[in-house]
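Visitor: I'm new to this one. Could you walk me through it and tell me how you know what you say?

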Amino acid sequence: MRFNRIRRTVNLIVAALLLFLFIVPGLYLSRTTDAMLRFVNAAEQAALSGDLPLAQRELSALSETTREKLPVCKLFLDHGAVDALLTAVEAAAPLSEREDLLVAAAGPRCGVEQLREIELFSLKTLL
């Protein structure tokens, strides 16, 4: 009788741990990529409207957010993908011309969308 209680308790702990490991990284990645996409969108909009100082501020905020939050993603994602995104973000931050800013924002956008698709459960990601 006592063995069954212990076994049920251990099974519940293992199930809770597995749920935690499958849900929490996906939630963190979703929040991080949403914040990064907001910065990229704001930088693109500012560059399109001709407000280059605002676009540069948005890209530097993107760079800070990326440096702060993406090292945690290395715990559960491919290091190469995370490093490539970090490089793309760092390369976009110091640019000052409108066309350069628009082109440079495409790199982080593509990297963020690629990271975003990793944790989605769909037929496309399973194949």
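Guide: Happy to, and let's begin with a word we'll need: a residue is buried when its relative accessible area is under 20%. Keep in mind that this is a predicted model. By that cut-off, buried residues make up 30% of the 127 residues in the chain.

Visitor: What elements does the chain have, and in what order do they run?

Guide: There are five helices and zero strands, so from the N terminus on it reads α-α-α-α-α, with a helix counted as a run of at least four residues.

Visitor: How do you know what span to expect for α1?

Guide: The expected span is 1.5 Å times one less than the number of residues. Helix α1 has 48 residues, and it reaches 70 Å from its first C-alpha to its last, close to the 70 Å expected. Right after α1 comes G50, with a positive phi near 95°.

Visitor: Why is T32 called buried?

Guide: T32, which sits in helix α1, has a relative accessibility of 2%. The cut-off is under 20%, so T32 counts as buried. Leaving aside neighbours within four places in sequence, T32 is in contact with K69 and L70.

Visitor: And why is V10 called partly exposed?

Guide: V10 belongs to helix α1 as well, but its relative accessible area is 44%. Partly exposed lies between the 20% and 50% cut-offs, so 44% puts V10 in that class.

Visitor: What makes V10 part of a surface patch?

Guide: A patch residue needs over 30% relative accessible area, so V10 at 44% clears that bar. V10 is in a nonpolar patch whose members also include I6, V14, F20, F22 and L27. Together, the residues of this patch have about 1,100 Å² of accessible area.

Visitor: What makes a set of residues a nonpolar core?

Guide: The members must be buried residues of certain kinds, Leu among them, joined through side-chain atoms within 4.5 Å. The largest such core here has 24 residues, and L70, L85 and L115 have the most contacts inside it. Helices α1, α2, α3 and α4 each supply at least two residues of this core, with α1 giving the most, seven residues.

Visitor: Which residues does L115 contact, leaving aside neighbours within four places in sequence?

Guide: L115 is in contact with L29, T33, L70, L77, A81 and L85.

Visitor: How much area does the chain expose?

Guide: About 8,400 Å², and carbon and sulfur atoms supply 63% of it.

Methods:
Residues are numbered from 1 along each chain as its sequence is written. This is a predicted model: local features need pLDDT of at least 70, side-chain atom pairs count only at pLDDT 80 or more; totals for chains, interfaces and linings use all residues. Side-chain values use heavy atoms; hydrogens and water are left out. Patches are made of residues with over 30% relative accessible area and no salt bridge: like charges are joined within 9 Å, nonpolar side chains (Val, Leu, Ile, Met, Phe, Trp, Tyr) within 5 Å. Accessible areas come from the Shrake-Rupley method with a 1.4 Å probe; for residues, only the protein chains shown count as cover. A salt bridge is a side-chain nitrogen of Lys or Arg within 4 Å of a carboxyl oxygen of Asp or Glu. Buried means under 20% relative accessible area, exposed over 50%, partly exposed in between (1.4 Å probe, protein chains only). Contact means heavy atoms within 4.5 Å.
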